Amino acid sequence: MKHLIPEFDALRARFPDGFGSSLVMPCLRRLQEDRGYVSDPDIDALVEYLGVPRIQIEEVLSFYTQFRRQPIGRWHVQVCHNVSCSMRGAERMLDQLSRKLGIGPGQTTADGRFTLSTVECLGSCGTAPVVMINETYRENLSTDSIEALLDGLD
């Protein structure tokens with residue numbers, strides 16, 4: 001985390017003294033961008049840097065699903081399974097992805113290429129069903145298009 005301190009210092013300069021807790025989310029986001037997940041040593045270092053209780057960081061990590069505590073695959077496939085996506089076939093798509101990849105939600109393929117996850121909502125109900133691969137939304141998907149999409153990933 002030490003190499004990120006200059007970035008964290010620049011963030012901290014934007015807030016009045018005593019607002020270290022306001023930096024928890026942006027610092028966690030940057031840590032995750034750097035490593036791919038937030039480790040226990042990252043949390044310890046952030047507690048020391050921000051001067052906030054560890055539970056405050058743990059609460060953020062457990063509440064917001066975009067934060068990860070474990071490494072993930074090269075391709076993070078997140079399937080929305082909220083009402084709109086479910087009504088338009090998200091469960092069938094999830095089943096198809098599970099069969100094709102040989103893993104269930106929350107798992108990573110043995111070769112480390114894919115991690116499959118479900119998310120409550122990706123906020124794109126009008127273009128359901130929606131899958132987010134890494135940081136890119138894929139919308140209006142069908143079983144054929146998701147198959148072709150996976151085949152096109154390196």
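**Cysteines**

I started with cysteine 125, which comes out as partly exposed at 43% relative accessibility. This is a predicted model, so I keep that in mind for everything below. I then asked which cysteine sulfur is nearest to that of cysteine 125. The answer is cysteine 121, 4.5 Å away, and cysteine 125 is in no disulfide.

Next I looked at cysteine 85, which is buried, with 2% relative accessibility. Its closest cysteine sulfur belongs to cysteine 80, at 3.5 Å. I count a disulfide when two cysteine sulfurs are within 2.5 Å, so the 3.5 Å between cysteine 85 and cysteine 80 is too far for a bond. Searching the whole structure, I got zero disulfides.

**Overall layout**

I stepped back to the chain. It has seven helices and five strands, and in sequence order I read α-α-α-α-β-α-α-β-β-β-β-α. The C-alpha trace spans about 55 × 35 × 25 Å along its principal axes. Of the 154 residues, 40% count as buried. I also checked contact range: among contacts with a separation of 6 or more, 59% are between residues 24 or more positions apart.

**Cores**

Where does the largest nonpolar core draw two or more residues from? I found β1 (75–80), α6, β3, β4 (131–133) and α7. This core has 25 residues, and α6 gives the most, with five. Val77, Leu97 and Val131 have the most contacts inside it.

I followed up on leucine 97. Skipping neighbours within four places in sequence, I see leucine 97 in contact with Val77, Val79, Gly102, Leu116, Ile146 and Leu150. There is also a second, separate core of 19 residues, and I noted Leu4, Phe8, Ile43 and Leu50 among its members.

**Helix pairs**

I took α6 with α7 next. Helix α6 covers residues 90–101 and helix α7 covers residues 143–151. Their axes are 10 Å apart, and the packing angle is about 35°. I logged the crossing of α6 and α7 as right-handed. On the α6 side, the contact uses Met93, Gln96, Leu97, Lys100 and Leu101. On the α7 side, I have Thr143, Ile146, Glu147, Leu150 and Asp151. By class, the contact of α6 with α7 has five nonpolar, two polar and three charged residues.

Then I did α2 with α4. Helix α2 is residues 24–35 and helix α4 is residues 54–63. Here the axes come within 11 Å and cross at roughly 65°, again right-handed for α2 passing α4. I listed Val24, Met25 and Leu28 from α2 against Gln56, Ile57, Val60 and Leu61 from α4. That contact of α2 with α4 has six nonpolar residues, one polar and no charged ones.

**Valine 119 and threonine 109**

What does valine 119 touch, apart from neighbours within four places in sequence? I got Gln78, Val79, Cys80 and His81. Valine 119 lies in strand β3 and is buried at 8% relative accessibility. I also pulled the C-alpha separation of valine 119 and valine 79: 6.0 Å, although they are 40 residues apart along the chain.

Threonine 109 sits in the loop between β2 (107–108) and β3 (114–119). Is threonine 109 buried or exposed? My cut-off for buried is under 20% relative accessible area; threonine 109 has 11% relative accessibility, so it counts as buried. Leaving out residues up to four places away, I see threonine 109 touching Leu101, Ile103 and Phe114.

**Backbone oddities**

I ended on torsions. Most residues other than glycine have a negative phi, and most peptide bonds are trans, so I flagged what departs from that.

The peptide bond from alanine 128 to proline 129 is cis, with omega near -5°. I placed proline 129 in the loop between β3 and β4.

Asparagine 134 is not a glycine, yet I read a positive phi of about 55° for it. Asparagine 134 is in the loop between β4 and β5 (136–138) and is partly exposed, with a relative accessible area of 22%.

Asparagine 140, also not a glycine, has a positive phi of about 50°. I found asparagine 140 in the loop between β5 and α7.

Technical notes:
Residues numbered from 1 in each chain as written. Predicted model: local features only at pLDDT ≥ 70, side-chain atom pairs only at ≥ 80, totals over all residues. Heavy atoms only, no water. Helix = DSSP H or I, 4+ residues; strand = E, 2+ residues; numbered from the N terminus. Buried < 20%, exposed > 50% of the residue type's maximum accessible area, 1.4 Å probe, protein only. Contact = heavy atoms within 4.5 Å. Axes fitted to C-alpha atoms, helices over the stretch in contact; angles between N-to-C directions. Left-handed = near helix turned anticlockwise from the far one by under 90°. Nonpolar A, V, L, I, M, F, W, Y, C, P; charged D, E, K, R; others polar. Core = buried A, V, L, I, M, F, W, Y, C linked by side-chain atoms within 4.5 Å.
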